[in-house]
Each structure stands twice: as C-alpha cells, then as structure tokens.
Amino acid sequence: MPERMDRNDPTGTRACRIELKALAYDVAGTRLIDVPALTLEPIGTTVVMGPNGAGKSLLLRLMHGLIRPSAGQILVGGKPLSAEQCKAQALVFQKPVLLRRSVAANIDFVLKARRKDRSRCRDLLERVDLASLADRPARRLSGGEQQRLAIARALATEPDTLFLDEPTASLDPESVQAIEGIVTAAARDGVRIIFVTHDVQQARRLAEDVVFLSNGRVAEEASADAFFNSPETDVARAYLSGHLDRLVET
Amino acid sequence: MRFLTILLLASLGGMAEAGNIILQSTTSTANSDLYDHLLPRFEETSGILVRVVAVGTGQAIRNADNCDGDVLLVHARPAEEKFVAEGGGVERFDVMYNDFVIVGPQADPAGIAGLDDVGTALKRIAEAEAIFASRGDDSGTHRKERMLWELTGIDPVPASGHWYRETGSGMGATLNAGIGMGGYVMTDRATWITFGNTQDYGIHVEGDPLLFNQYGVMLINPEKCPNVRAEDGQVLVDWLTSKEGQDAIASHRKGGQQLFFPNARTAK
Amino acid sequence: MQQIGEAIELAIGLLLAADADLLEIVTLSLYVSLSATSIACVLGLPLGAILAVTRFPGRGPVLVLINALMGLPPVVVGLIVYLHLSRSGPLGFLGLLYTPTAMIIAQTILIAPIVVALSRQVLEDLHLEYAEQFRSLALSARQIIQALLWDGRFALFTVALAGFGRAVAEVGAVMIVGGNIDHLTRVMTTAITLETSRGNLPLALALGMVLLALAMAVTAAVHGLRAGTAGHADA
C-alpha cells in the first residue's frame, strides 16, 4: 500500500497494537525488564534504543513470545499474546541463522512450512536483491547478503509486525544502507517495524517513534523529532551526545 | 532418504528361503571339508539341498533341542543317546568314526612322542606340567578328553590357567592357541590333517583304542518339532548310512589320507 | 611376518580373479550390513532427532541407556535374537533363523543404538544453533525434525558409516543367527573365522584385507556422494 495509513489507526482495524502491562522479566532474582506500561501503536517504525545491557533484545523476545515474562501481560490487538499472534510476527536476529542449503531453498523452506504461496520465492529474493544468487549456498554469502536473506525469509511469513534486533550491527556501510532500504520499503508496504539499534545515526534515519531503554526501564518514549531534538532525561542526553560511558562511570 | 527406503524394501523382499534341510553338525566335520565332499553327491541323487551349521557338539545338540534344524550329526555317544531318550531325536545310527590324536611340538617337553597309550601320555604331561590346550567348550572332543583324564585318575581342572589351558573355542581355534603356546592339543585326526597352521607340530600319540571317535546321525523328532522336514531329513540319514553314502565317506581324502571310516551297521 | 606378505599376495590374487565364492560372500556381507544400516537409520535417525529436540521426564536415564547400548557385545545380541527366532522361541514360526534376514535383524539391533546416540548428539548441537530461529518461525516439531535431519545430513552420513563399520566388522551376532552356512549365510567375518579355525591364517588375513578394502570402498562412495552435493553445506 503506497499511501501511509493514519498513524493512530483510529478505526482500530489492525490487530497488531502491542500493549505491555506491568511487565517484568527476572533472571536469578535480578529484574532485567521492568515496564509498568507501554503501548506500541500498530503503524509505523519504532526504534528501540539504549546502552548495552539496557534490555532491548529481551524486550523484543518478550514481545515475540520467545521468552515468557515473569510478571505482567503482553496484549496484542487487545488480547493476551498467543501462538497465533506470534505467527503474525517475525524477528530478524543480529546474527542470521540460515539453513545449510541454497538461498532459494531457505526461502522456500519457510513458504512451505508456513503454507504460503511458494511461487513468491523469486519475488522475495528480488526485494532483497539476491535473485542472482538464488542457487548459491546460503552459508557462503557475505554477512550483509546473509542478513538480507534473513529479512527476506522473515517477510516470507507475511508478518504484520517485523522485529529487527540490531540487524546491521557488524556490517559494512553499503550493507547497512541496503538493509535500511529494504526495511523502509517494508514499512511503506504497511509492515509494522520495531527496530533495535544502538547506532544513533541509524535511529535518526529510520525512526518515527523512539523507545529509549535504560536498565530495563523505559526512560523515554517519544516521537523521533521530540526525542532527538529535546531529550528529557540525563541518560538520553548523555547517550545522544556519545558521553554515556562517562555518565555511567560517575 | 529415498535410497534408504529402497534398501529397506529390498531387504524385506529378500527374506530368503531357509534352504531345504538344515544339518546341525560339528566343526571337526565341517573344517575337514567332509561336507563339501559328501553333499554335492547327495544333492545330485536326492535333489535335496542341505545347509550345514557347524558348531561344537554340545551347542549342536542344544540347537537341535530347540528344534533349529532337521538332522543332527555329532560325536558324543552318551549325549546323543540321552537326546534321543528324551524325545529330541528319532533314532540314532552309527555313521562313521575317526580317531583322536595328541599333537605336540618337536621339543616334546613331556617326552610323549611315539606313545600308543594315551593314559601314560596324559600322566607325563601332568607330571611335567607341560602346557595342554583343552577345548573347554563342552564339545564332543572336550567330553572325550575329560573322560580320558578321568581314566588316568588325574584331575587337571585345579591346574586350569596354569599348565591346563581351557580355550573355550572350536577345534581350529584351540589348535591355533595350543600351537601358539607351545603346548599339547588333543584333536580329531581329520581336523589335524586338513589344518594349515601346523608349524613344527606333529602327531605324538595315536593308535590307542581309547582314542576312537564315533559319529552318530539322527533325525530331529518331528513329533516334538513340527517344523522338521522329516521326509527329506530321513532321506539324508538313510543315504549317509547306505552303501553309496558310506562309500562316499570312505573316498574323502586329504593328502592321500582317509579322514573318516564308515561303520554304519545297515551298510554291511 | 612372512605370512603377512603371503596374505597380501593372496588378497590381491583373490580380488583380481574375482573368485565366484568370494564375490558371493562379499555381496552377502554388503547386502546384510547395508540393509541393517539402512533400517537402523530409517528408525534411528528420527528417534535421535526426537531425543535431540524434546525434553521429557526421564530423558536423562533414556540417554544413558542408549549410550550404554552402544557397547552391546555382538554375541549377546546374537544370542537374544537366536532365542527369539529359534523354532522353540516366540518368533520361531517365522522360520527366519539361519537366513540373511535373521542376520539383518541382529545387526540392526546391534547398530541402532549407535545411530540413535550419535545422531542425537549431532542434531542436538545443530538444534542449539537453530532453536531460537525455529521458534520465531513458529515451526511444528515435525518440521523442525525434518529440517534438522536434512541440514545435518553430512554429519549423519558419518553416523551411518559408523553404524555400517560396526555391522560389517562384527562376527559374533551373524555367526549365531546365520550359522555361517556356505552359499546361504556365510559373510566376510564368518568366513575369516572359519579360515582361522582351519589354520589357514594367510587366507584368513587376505579375507580381512578384502573386508578392509570393502569398508574403504563404501566410505569412499559416501564421501564421493558428500563431495558431489556438498555445495550447499556449511563447511
């Protein structure tokens, strides 16, 4: 869909609004995630930021149902997160885990497993510019190519929400640009994007909204303009100016 | 995965026919190629295929007792008669004999070479504590050997592991072991004549009537074991004890020597 | 030592002459052991995969048991199968004792624990890498097992080879349930035992060398298969 939908989805027709209520995640008595309330509207691109260890990846895994919260609730479209709803989501990991088979077979595997139209394989590969490498062994692709394939595989499941966990963390600038292009195109097609990064410049390029995490808590939640131009907390200001380490030390 | 499936199907399809009849017999007869000599002649006249399972006499009788086979041909008369008396076999017939010999190294540490009195030979071996390799496997040869020790009044079992070595194996394996240890071995003549790994060994003791080795044949009892192919099995028993079968046994030679001597009563 | 030289000459002679009896024995060895390996893989690989991906109460003891079964002496397996297939045993009516099928059954039982235990280890390591991605893709257990078996296929070939190696080399089980019957159940290992008991040590050794050549040929064939399709594997 070329036209952007209304960002607040007043009709409520999209079922992928995510609401976190009193959400907590503990490991060995330590509270790693503590979010009293957070609502992610079902449209647009939200960038989740925060220093290392802030809990960004954990939050993503909780929302995708890969791990269970210790307390609280995750509502998707107003209902508690179910296996069916997780199927309508996809997650791209920082380090892509591809099957030991060809590029095309990696896509076909998911199309077949999820009973999708298997003739879409070519189209998906073209979307990530890998059609010319369709018959190559997936594991022999470059890092950037592997991540593009992982994104194509995620899109093959026709998700309404796409989580990306620092997908460009260790890639060269060209690959980063290519992946940002693919993600932006997916967002334009109406896929809800929730993108974790610690790269401030990348966040500025992609974000419509920002959730800033610190020590497992939501320190700020704002539109991209508001967050980048006038951050409200010391920790966010320090992070944006690249002085977070000093702040943490003192 | 597909080729595995094909192989699986092939293997199920390959469940083979068990041959016509199964003869439970001893390693001594099989190792001396007696059956390679006899069975083609029998198969030609009767059209019956015979499959030979060659194990020790004790195991052969146990297999027959489990109904695994049609005909039994072994050499341990008391055990055979007991087997028939208990209903395992139909009727036992003498079929042939050969004899046992004691083989030893040229060095002959017990000084028994040339003796024709097996009792004296065994006594000298025990006195010299010269190594003696015993089958130790409850086979016909083993039973015979224990009987001979009993007659000398010497019980070698306390020396087991010392100079009396029980291999718990077949005739050939026991010969290999005994020769490897430089010890004496009691073996049937047929196995010895056809044995390949003789090194400097020779026959030291022979000719004592006590060393006589009688073979008996019997049909496994079809009343106890309904699977027994009694008709075909009986044809084999009859043939082995017939003039034709007995002549065939007599004509089996290795290196110019006759290995088995037919002595079935029906043939005379 | 002189006998070893003699054995090498004999082995080469046997191979060059393509002796009909030898060919029959070699063919039966391959037929029995490849069949047993195939059946053990058809049953054992999915079982190994299931054990690799599932967690259930008592899983630990089950793994210990299967690992212990890898050390089963062939003679014991032979005896157990004999007691079942014997005419006086529960399956005696099938008439399978002293047939190649009985030998296949015994070798299958012998090597199935090897296939299960090794494939479980191989696939569990692979699953460790894939598990989170598979959960994200919301795959069914069946889809996960199929994917693991396919992606682990090269390591699993080696597992199958380990099973084949044990099957083709064992003598205790096939001797008891096959009976070493000439032209029916005589295989390489029972022929070697027979020639040893006849004191024909060079011939026994030569047959051993032929067996080794056979095992090498099968291994080479599997590696050839690997190399031919390894394009999609991760080194």
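Modeller: Two strands pair if DSSP finds at least two bridges between them. Keep in mind that this is a predicted model, where local features need pLDDT of at least 70, side-chain atom pairs count only at pLDDT 80 or more, and totals for chains, interfaces and linings use all residues. Residues are numbered from 1 along each chain as its sequence is written, while chains are lettered from A and ligands numbered from 1 in the order in which they are written.

Biologist: OK, what makes β4(A) and β5(A) a pair?

Modeller: A pair needs at least two bridges, and β4 (residues 71-76) of chain A has two with β5(A), in the antiparallel sense. One bridge joins Val76(A) to Lys79(A) in β5(A). The hairpin of these strands has two residues between them, and Gly77(A) takes a positive phi near 60° there.

Biologist: And how do you know that β1(A) pairs with β4(A)?

Modeller: Five bridges link β1 (residues 18-27) of chain A to β4(A), again antiparallel, so the criterion of at least two is met. Val76(A) in β4(A) also stands opposite Ile18(A).

Biologist: Why are β2 and β5 of chain A said to stand at the edges?

Modeller: The open antiparallel sheet runs β2-β1-β4-β5 in chain A. β2 (30-40) and β5 (79-80) each have a single partner strand, so one side of each lacks a neighbour in the sheet.

Biologist: What makes β5(A), residues 79-80, a strand?

Modeller: Strands are DSSP runs of E with at least two residues, helices are runs of H or I with at least four, and both are numbered from the N terminus. Residues 79-80 make up β5 of chain A, so that run satisfies the strand rule.

Biologist: Now chain B and chain C: how many residues are in contact?

Modeller: Contact means that C-beta atoms, placed from the backbone, lie within 7 Å. By that rule, 32 residues of chain B touch 27 of chain C. α8(B) gives the most to chain B's side, with five residues.

Biologist: How does that side of chain B divide into nonpolar, polar and charged?

Modeller: Ala, Val, Leu, Ile, Met, Phe, Trp, Tyr, Cys and Pro count as nonpolar, Asp, Glu, Lys and Arg as charged, and the others, Gly among them, as polar. The split is 16 nonpolar, 14 polar and two charged.

Biologist: Where do the domains of chain B lie?

Modeller: Domain 1 is 18-97 + 214-267 and domain 2 is 98-211, with bounds from an automatic or database domain assignment. Their C-alpha centres are 26 Å apart, and 20 residues of domain 1 are in contact with 16 of domain 2.

Notes: Two residues are in contact if their C-beta atoms, placed from the backbone, lie within 7 Å.
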